[in-house]
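Here is a friendly note to read with the model open beside you. Please take the points in order and find each residue on screen as you go.

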Amino acid sequence: MSYRSFGWMVPCLLAASLRSAPLRAQQPTAAMSPAAATPAVQPVTMTLADALSMARQNSPVYRQAVNNEGPANWSVRNAYAALLPGASVSGGMGYTGAGQSTFGGSTFNQTSPSLSSNYFAGFTWRLDGSVLTAPALQKANRRATEDDITNAGITLKTSITTQYLTVLAAVAQVGVAERQVSRNADFLQLAQARLSAGQATLIDVRQAQVTKSQSDLALLRARQAANEAKLELFRQIGITPPAPLNTITLTDTFPVDSLPVALADLQTSADEMNPTLRAAESRQAAAVWSVRASKSAFLPSLNFNAGWSGFTQQFTNTNLLLNQAYGGALGNVADCEYQNAIASRLTDTLPYPNQGLIANCNTAFGLNAGGTALNDTVAQQIRNANNVFPFKFQTQPFQASVSISLPIFTGFSRHLHLSQAEAQRDDADETVRAAKLQVHADVQAKYLALQTAWQAITVQRSAQEFAQDQVQLAEGRFRIGSGTSLELADAENSLTAAEAGYINSVYDYQKAIAALEAAVGRPIR
């Protein structure tokens with residue numbers, strides 16, 4: 001019998017097992033008083049698509065891979081921005097106390113404390129081989145990061161799908177255990193009826209009771225295994241269960257059909273789409289660009305700088321400035337009066353006496369008429385000229401410079417960096433070759449596992465049919481007294497094992513499909 005002829009039974013078997021436990025869990029207890037009653041818990045259903053969507057949002061391992069996307073994108077932007085000039089603005093303020101300072105062998109005496117401020121605005125531009133090759137290098141690294149994220153997504157999908165199937169298989173095993181409990185209960189009733197009729201012994205009843213107890217224990221363990229499988233599924237998703245485990249039902253079903261896929265086609269697809277291999281190839285391209293960047297260190301580099309600047313200096317002791325200006329003015333007045341005396345002697349012989357004389361030297365050089373102090377206008381001008389802190393800058397001339405540098409000898413550091421880059425490139429080549437070999441081996445192994453899993457379904461189905469016939473024969477023999485209770489118990493255990501094996505084979509086949517899709521890097525159904 002071909003498996004296609006009985007494939008329709010799988011959804012029915014799974015649906016029955018999925019519905020059985022939650023329905024019983026929702027039945028109210030008659031002896032419970034209204035005051036002690038707890039609110040009914042709404043059942044929760046979850047499809048595989050729901051599980052995958054939640055996992056992409058919450059899985060810690062997957063989110064760690066996704067977090068690398070932002071730095072990779074900014075690395076590319078930074079590499080392109082390095083081709084443009086960099087701009088900077090700076091400013092500062094300072095205080096200098098009174099006293100002497102020495103600079104360049106000269107001594108300077110500052111008699112008044114002062115406040116100062118300054119600014120600088122400019123841009124720089126550096127161009128060399130490493131800057132020119134950086135965009136291509138960072139784009140290759142970004143492609144590798146994107147492939148890593150894709151690989152993480154495929155790994156997440158495979159693990160969630162596999163665990164989802166594990167939960168379905170565990171729930172289906174609960175159904176098998178429940179049917180075994182029902183069969184053993186019937187067996188116990190039959191043994192007790194035959195004992196009452198004098199057609200069986202107490203040994204047969206005890207055997208039926210032992211068998212029933214063993215099946216009850218197996219049911220408890222099956223339910224515990226199903227709960228643990230659900231807990232593991234939510235752990236991989238990255239969340240805690242949203243409801244009690246016995247109210248959570250997985251609703252997806254999976255067709256059991258033979259997949260007409262060829263190994264050569266799968267390996268060709270894996271060469272093109274396997275994210276691990278693609279990430280290795282992207283890092284190989286990045287290694288090639290690293291070699292080019294290292295070689296460019298032997299070429300000249302261009303540097304350009306330009307900027308504007310300004311400063312202020314304001315003395316805090318204004319009276320000292322006024323006194324200095326007053327002393328200077330007195331000196332000028334003395335010179336003025338000396339020149340007037342000479343001019344008066346020279347002009348006495350001329351037709352126009354006092355020609356060339358300054359009428360009042362004091363007022364001419366900013367003093368009052370009596371020469372006792374600076375006049376108010378000059379004093380205010382000095383105060384205004386000193387009041388420049390912090391933003392009345394004295395602008396300096398625009399400055400710009402261009403330089404070309406070519407290192408002659410750097411202690412073989414450039415040769416070392418080039419050798420290291422070439423070694424990394426060679427390692428990347430070998431990594432790609434090893435990745436291809438690994439991918440081909442994985443695809444072939446998963447392909448053979450898929451074929452084996454498909455054949456196991458047919459074998460397990462046949463074993464299940466044989467076990468069902470064995471139970472019917474053993475039960476019939478026991479009813480008429482030709483068989484023993486031990487014979488019937490063994491037949492029922494064989495049927496339970498066959499049903500469990502069939503369920504495992506069905507879900508092992510689905511897991512084999514998921515594993516092959518992960519190895520190829522794309523869906524195959």
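1. Begin with the strands: β5 and β7 (residues 301-315) pair in the antiparallel sense over 14 bridges. Two strands count as paired if DSSP finds at least two bridges between them. The names come from DSSP runs, numbered from the N terminus: a helix is a run of H or I with at least four residues, a strand a run of E with at least two. To find this pairing on screen, look for Asn118, whose bridge partner in β7 is Phe311. In a regular strand the side chains alternate between the two faces of the sheet.

2. A word on the source before we go on. This is a predicted model, in which local features need pLDDT of at least 70 and side-chain atom pairs count only at pLDDT 80 or more, while totals for chains, interfaces and linings use all residues. Residues are numbered from 1 along each chain as its sequence is written, and side-chain values use heavy atoms, with hydrogens and water left out.

3. Which other strands does β7 pair with? One is β9 (residues 399-405), joined to β7 in the antiparallel sense over seven bridges; here Leu302 has Ile404 as its bridge partner in β9. Another is β8, also antiparallel to β7, over two bridges. In that pairing, Gly310 is matched with Thr395 of β8.

4. Next, the rings. The structure holds eight aromatic pairs. Rings of Phe, Tyr and Trp (its six-membered ring) pair if their centres lie within 6.5 Å; planes under 30 degrees apart count as stacked, over 60 as edge-to-face and the rest as tilted. Tyr119 and Phe393 make an edge-to-face pair, with 4.8 Å centre to centre and 75° between the planes. Tyr119 lies in strand β5 (residues 114-127) and Phe393 in the loop between α11 (376-386) and β8 (394-395), so this pair ties together parts 274 residues apart in sequence. Together with Phe391, Tyr119 and Phe393 form one aromatic cluster.

5. Are the rings of that pair buried or exposed? The answer lies in between, because Tyr119 is partly exposed, with a relative accessible area of 23%, and Phe393 is partly exposed too, at 29%. (Buried means under 20% relative accessible area, exposed over 50%, partly exposed in between, using a 1.4 Å probe and protein chains only.)

6. Now look at Phe187 and Phe478, an edge-to-face pair with 5.6 Å centre to centre and 80° between the planes. Phe187 lies in helix α5 and Phe478 in helix α12 (residues 413-479), so the pair ties together parts that are 291 residues apart in sequence. Phe187 is buried at 2% relative accessibility, and Phe478 is buried at 0%. Phe478 has a charged visitor as well: Arg194 lies over the face of its ring, at 4.7 Å from the ring centre. A charge sits over a ring if NZ of Lys or CZ of Arg is within 6 Å of the ring centre and within 35 degrees of the ring normal.

7. Helix α2 (residues 48-58) has a buried set of residues: Leu48, Ala51, Leu52 and Ala55. Seen down the axis of α2, they fall within an arc of 95°, so they line one face of the helix; the arc is that of the directions from the helix axis to the C-beta atoms. On the other side of α2, Ala49 and Gln57 are exposed. What do the buried residues of α2 pack against? Their partners are β1 (44-46), α3 (60-66), α5 (129-196) and α6 (202-237).

8. Take Leu48 as a close-up: this residue of α2 is buried, with a relative accessible area of 11%. Setting aside neighbours within four places in sequence, Leu48 is in contact (heavy atoms within 4.5 Å) with Ile160, Thr161, Tyr164, Asp252 and Phe254.

9. Finally, the cysteines. A disulfide is a covalent bond between the sulfur atoms of two cysteines. By the rule used here, a pair of cysteine sulfur atoms within 2.5 Å, the count comes to one disulfide. That disulfide joins Cys336 to Cys361, with 1.9 Å from S to S. Cys336 lies in helix α9 (residues 318-347) and Cys361 in helix α10 (residues 361-364), so the pair ties together parts 25 residues apart in sequence. The torsion about the S-S bond of Cys336 and Cys361 is about -70°, so the disulfide is left-handed. Cys336 is buried at 4% relative accessible area, and Cys361 is buried at 5%.
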